[in-house]
Amino acid sequence: MRGLFGRRDSLPLFGTKLGRLILGLNLLGLLVLVIGALVLNEFRRNLITARLDSLNTQAAFIANVLDRASTVGDPQPAMDADLAVQTLSFLFIPRSQRARLFDAQGRLIADSYVIGDRIEERKLPPARKPGDRPAFWRSPGAGEPRQLARAREQLAQEVSVALKGEPVAGVREGDDGRRRVSVSLPIQHVRAVLGVLVLEGGDVDDTVWAQRRALLPFIFIAIGSTLASSLLLHVLVARPILRLQRAADSVRLQRTRAISLPDIAERQDEVGDLTRALESMTDTMSARMDAIERFAADVAHEIKNPLTSIRSAVETLEIAPDGAGRDRLIAILKADGRRLDRLVTDIANASRLDAELSRDAPRTVDLARLAADVASLYAERAPAVTVSATGDSAAVIGREGPLGQVLRNLVENARSFSPEGGQVRVALATEGERGQRRVRLTVDDDGPGIPADNIETVFERFYTSRPKGAVPGGSAFGGHSGLGLAISRQIALAHGGSLHAENRLGPAGEIAGARFVLDLPEATS
């Protein structure tokens, strides 16, 4: 699936902790059922096969005994029904089995249930409704249950096949509707078929049902694991996400400034990662809102000063006589107008900075080439700007426009503090080991330096302090808003770097000028 910007998402389907947990818990219940079903089916097949083998062995023995004990006639052999019944009654037939003997014409001549005084259980037909004819009025077979008729038809087909000399073994329906394992063997004397012995066992269903009852624990385990997985997913996923949603709603409705759920944030899974990300996001948003509020207050304060000066000058101008005083008031109005214009321009640039940083995609920027391009803007103006570079590369990952703005701000600041005959020096060097190298850019001037108490203050918004003696026009009133260095540091931090100030020392330890150091990570190939 492609993301919002056309790139393919690389998240694996089940490569996360919660993904593997959900998959494992849901498969566990299915696995239990599948294993139980496979075990039961295998047992059922093995049971039927074993029962058929056992019945075949018993039926072959009984058929051989019947052939030898009840065969009469020569040269046309036949089976004596009385002898066959007596022989069958002497043989032991288990209560779970039933033996039936049919003659050569397919007529039933012996049944172990009858010989052993067994009672065959059948369901009674439904009670006769008023107006129905009595059962003895119906045609033969019309009152038999449908399953009984179907069972007798299957038995007749099995006997007819065995009368042709072919043994039959398989599962068929019994008179009571239950499945029976049945073996039908022809009783043969040499090659003559004298009858058919049908031996069947009816305990397969009981055994299978017992095994199905044995499957109940597997079913309960599967249901329990599914319920447990559902409960676990509810506790581990649904409830924390619901809490996150409520916390996000509270932030959206401005009841709070940030999301704080430490118990969820301590989790070492995707929900914990999401919570930490949301907490970090809301903390960043809260800090950004605080910064915007402070910025708005600073802007109002800075704009109010020139406006107050302009209003005072205008009021005084109305009553001021012509001459030097009036000209001085007009100069103040022009200077405050320039200051207001500079303030509005820098404030607009600062307000657009975040949007520009998020809009432009980072790319490889040659910082040495960018510094040379900036220096070329001051080729015909004093003080001179020189660029030097050491190392084989000065490439960084960033946005060329904002980085160029940083260089221009630093160079402009250095030029404004440089005295007559001074020089601004831009130097680049690469430091560190391969893979963790940094590009260090320094901007030096020959000015009075920075007071120790103001090393960090110079990066505050609207802070400006310019002593006399700088480049003519460089320290003109209203020529600087005090936003350049603050914007430069903000851009450096957005690129994963840093910007700080320090004083250059001369041979005797005196302050020889100011130095601004821009540190950025080198672009990796």
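This briefing introduces the chain as a whole, then a sheet with the helices that pack on it, and finally the confidence of the coordinates. The model is a predicted one, and its chain has 525 residues, of which 35% count as buried. Its secondary structure comes to 11 helices and 14 strands, and among the contacts between residues at least 6 apart in sequence, 65% join residues at least 24 apart.

**The sheet**

- Five strands form an open sheet in the order β4-β3-β7-β6-β5, and the pairing within this sheet is antiparallel.
- At the edges lie β4, residues 108–111, and β5, residues 168–173, each of which pairs on one side only.
- On average, and with direction ignored, neighbouring strands of this sheet are turned by 25° against each other.
- Strand β6, covering residues 179–189, runs antiparallel to strand β7, covering residues 192–201, and 9 bridges join the two; within this pairing, Ser-184 has Val-198 in β7 as its bridge partner.

**Helices on the sheet**

- Helix α2, made of residues 81–90, packs on the sheet and touches β3 (97–103) as well as β4, with a direction that makes about 20° with that of β4.
- Helix α4, made of residues 146–162, also packs on the sheet, where it touches β3, β5, β6 and β7, and its direction makes about 175° with that of β5.

**A closer look at helix α4**

- The 17 residues of α4 should span 24 Å at 1.5 Å a residue, and this agrees with the model, because the end C-alpha atoms of the helix are 25 Å apart.
- The buried residues of α4 are Leu-148, Ala-151, Leu-155, Glu-158, Val-159 and Ala-162.
- Seen down the axis of α4, these buried residues fall within an arc of 100°, and therefore they line one face of the helix.
- The elements that cover the buried residues of α4 include the strands β3, β5, β6 and β7.

**Confidence in the model**

- The pLDDT of the chain averages 77, and 79% of the residues score at least 70.
- Residues 133–143 have a pLDDT below 50, and beyond near neighbours in sequence this stretch has 4 contacts in the model.
- Over residues 469–478 the pLDDT likewise stays under 50, and for this stretch the model has 24 contacts beyond four places in sequence.
- Where pLDDT is low, the predicted coordinates should not be read in detail.

Note on methods
Residues numbered from 1 in each chain as written. Predicted model: local features only at pLDDT ≥ 70, side-chain atom pairs only at ≥ 80, totals over all residues. Heavy atoms only, no water. Pairing = 2+ DSSP bridges. Helix = DSSP H or I, 4+ residues; strand = E, 2+ residues; numbered from the N terminus. Axes fitted to C-alpha atoms, helices over the stretch in contact; angles between N-to-C directions. Contact = heavy atoms within 4.5 Å. Expected span 1.5 Å × (residues − 1). Buried < 20%, exposed > 50% of the residue type's maximum accessible area, 1.4 Å probe, protein only. Arc of directions from axis to C-beta. pLDDT = per-residue confidence, 0-100.
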